[in-house]
Amino acid sequence: MTYRSVAEEAGLPEATLRAFFRTRDELRALGLEFMLNGWVQRAEEFISRLPHQLNLNETARLIVEVATVHDAENWTFTRATISGIYERYLQAGKHPELRTVITNYNSALADLVARVLALNGWATTPQGVKSVLAVVDGAVVYQLAAGQAPVPHAISLLEFAIPRLCEPDNAAQ
């Protein structure tokens with residue numbers, strides 16, 4: 001990412017960006033934060049329109065969609081979109097200015113996943129939600145590396161893992 005490429009995309013003079021962003025690292029961090037906040041907002045709106053009861057397959061599918069910022073039914077840009085998500089995590093490991101942004105995103109992502117699990121009647125703990133997300137991340141990265149479609153595999157593994165990682169919410173039943 002360069003000042004020039006961002007300026008062209010935004011339709012602004014490069015000097016304007018340089019006046020507002022002292023370093024390229026600051027520009028990168030704020031750009032990533034803007035993008036992730038948009039994803040979280042779209043996911044929140046989507047989850048708020050869901051029915052009050054989901055079955056296990058719907059729950060697994062929705063968690064994969066939320067975690068990968070990807071519509072499970074749209075296979076046309078699966079690999080590029082999903083790879084981009086995981087590349088952001090790797091960039092955060094290399095660029096300290098991105099770590100806070102990714103940490104905040106992960107917190108919002110965990111809250112979203114907890115909401116989806118609750119719609120299926122699962123009580124959640126921070127450890128359980130992290131474990132569910134780890135299943136998604138592992139399945140997706142494994143399948144991407146193998147050149148396979150990651151979404152169906154991640155959904156299948158989540159259907160297996162959720163009952164083993166989360167407790168039924170007896171109060172919701």
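Which helix does V135 lie in? Select V135 in this predicted model: the residue lies in helix α7. Keep that helix on screen, since several stops below return to it.

**Whole chain**

Before going further, zoom out. The protein has 173 residues, of which 38% count as buried. Its C-alpha trace spans about 60 × 35 × 30 Å along the principal axes. Colour by secondary structure and eight helices and two strands appear. Read from the N terminus, the order of elements is α-α-α-α-α-α-β-α-α-β. If you draw a contact map, look at pairs at least 6 apart in sequence: 65% of these contacts join residues at least 24 apart.

**V135 and its surroundings**

Return to V135 and show what surrounds this side of α7. Leaving out residues up to four places away in sequence, V135 touches L157, L158, A161 and L165. For a distance label, pick the C-alpha atoms of V135 and L158: they are separated by 6.8 Å, with the two positions 23 residues apart along the chain.

Next, select I155, which is placed in helix α8, residues 150-165. Is I155 buried or exposed? The residue is buried, because its relative accessible area is 11%, under the 20% cut-off. Draw a C-alpha to C-alpha line from I155 to V140: the length is 9.7 Å, for a sequence separation of 15 residues.

**α4 against α7**

Now select helix α4, residues 56-68. Its 13 residues reach 18 Å from first C-alpha to last, close to the 18 Å expected at 1.5 Å a residue. Show the residue before the helix as sticks: N55 caps the N-terminal end of α4, with a side-chain oxygen 3.1 Å from the backbone nitrogen of N57. At the other end, α4 is followed by V69, which has a positive phi near 50°.

Colour α4 by accessibility. Its buried residues are T59, A60, L62, I63, V64, E65, V66, A67 and T68.

Add α7, residues 126-146, and fit an axis to each helix: α4 and α7 pack at about 75°, with the axes 10 Å apart. The two helices are therefore roughly perpendicular to each other. Which residues of α4 and α7 meet? From α4 come I63, V64, A67 and T68, and from α7 come V132, L133, V136 and V140. By class, this contact holds seven nonpolar residues, one polar residue and no charged ones.

The spacing of the α4 positions can be read with helix geometry in mind. An α-helix has 3.6 residues a turn, so residues three or four places apart point the same way.

**T68**

Stay in α4 and select T68. T68 counts as buried because its relative accessibility is 0%. Show polar contacts: the side chain of T68 reaches the backbone oxygen of V64 at 2.6 Å. Then expand the selection around T68, ignoring neighbours within four places in sequence. The residues in contact are T81, I82, I85, Y86, V136 and V140. V136 and V140 also belong to the α7 side of the contact with α4.

**α6 against α7**

Hide α4 and select helix α6, residues 96-119, together with α7. Their axes come within 10 Å and cross at roughly 95°. That crossing makes α6 roughly perpendicular to α7. On the α6 side, select L109, A110, V113, A114 and L117; they meet V129, V132 and L133 of α7. The residues here divide into eight nonpolar, no polar and no charged. V132 and L133 were also on the list for the contact with α4.

**α3 and its end**

The last stop is helix α3, residues 24-48. Why is a distance of 36 Å between its end C-alpha atoms in agreement with its 25 residues? At 1.5 Å a residue, a helix of 25 residues should span 36 Å, so the two values agree. At the start of α3, a side-chain oxygen of T23 reaches to within 3.0 Å of the backbone nitrogen of E26.

Mark the buried residues of α3: L27, R28, A29, L32, L36, W39, V40, A43 and I47. Then select S48, also in α3. S48 counts as exposed because its relative accessibility is 54%, over the 50% cut-off. To finish, label the C-alpha distance between S48 and R115: 9.3 Å in space, for 67 residues in sequence.

Methods: Residues are numbered from 1 along each chain as its sequence is written. This is a predicted model: local features need pLDDT of at least 70, side-chain atom pairs count only at pLDDT 80 or more; totals for chains, interfaces and linings use all residues. Side-chain values use heavy atoms; hydrogens and water are left out. Helices (H or I, at least four residues) and strands (E, at least two) are DSSP runs, numbered from the N terminus. The expected span of a helix is 1.5 Å times one less than its number of residues. Buried means under 20% relative accessible area, exposed over 50%, partly exposed in between (1.4 Å probe, protein chains only). A polar contact is a pair of N or O atoms within 3.5 Å; within protein, one must be able to donate a hydrogen and the other to accept it, and residues adjacent in sequence count only if both atoms are side-chain atoms. Axes are lines fitted to C-alpha atoms, for helices over the stretch in contact, and angles run from 0 to 180 degrees between N-to-C directions. Angles under 35 degrees count as roughly parallel, over 145 as roughly antiparallel, 65 to 115 as roughly perpendicular and the rest as oblique. Contact means heavy atoms within 4.5 Å. Ala, Val, Leu, Ile, Met, Phe, Trp, Tyr, Cys and Pro count as nonpolar, Asp, Glu, Lys and Arg as charged, and the others, Gly among them, as polar.
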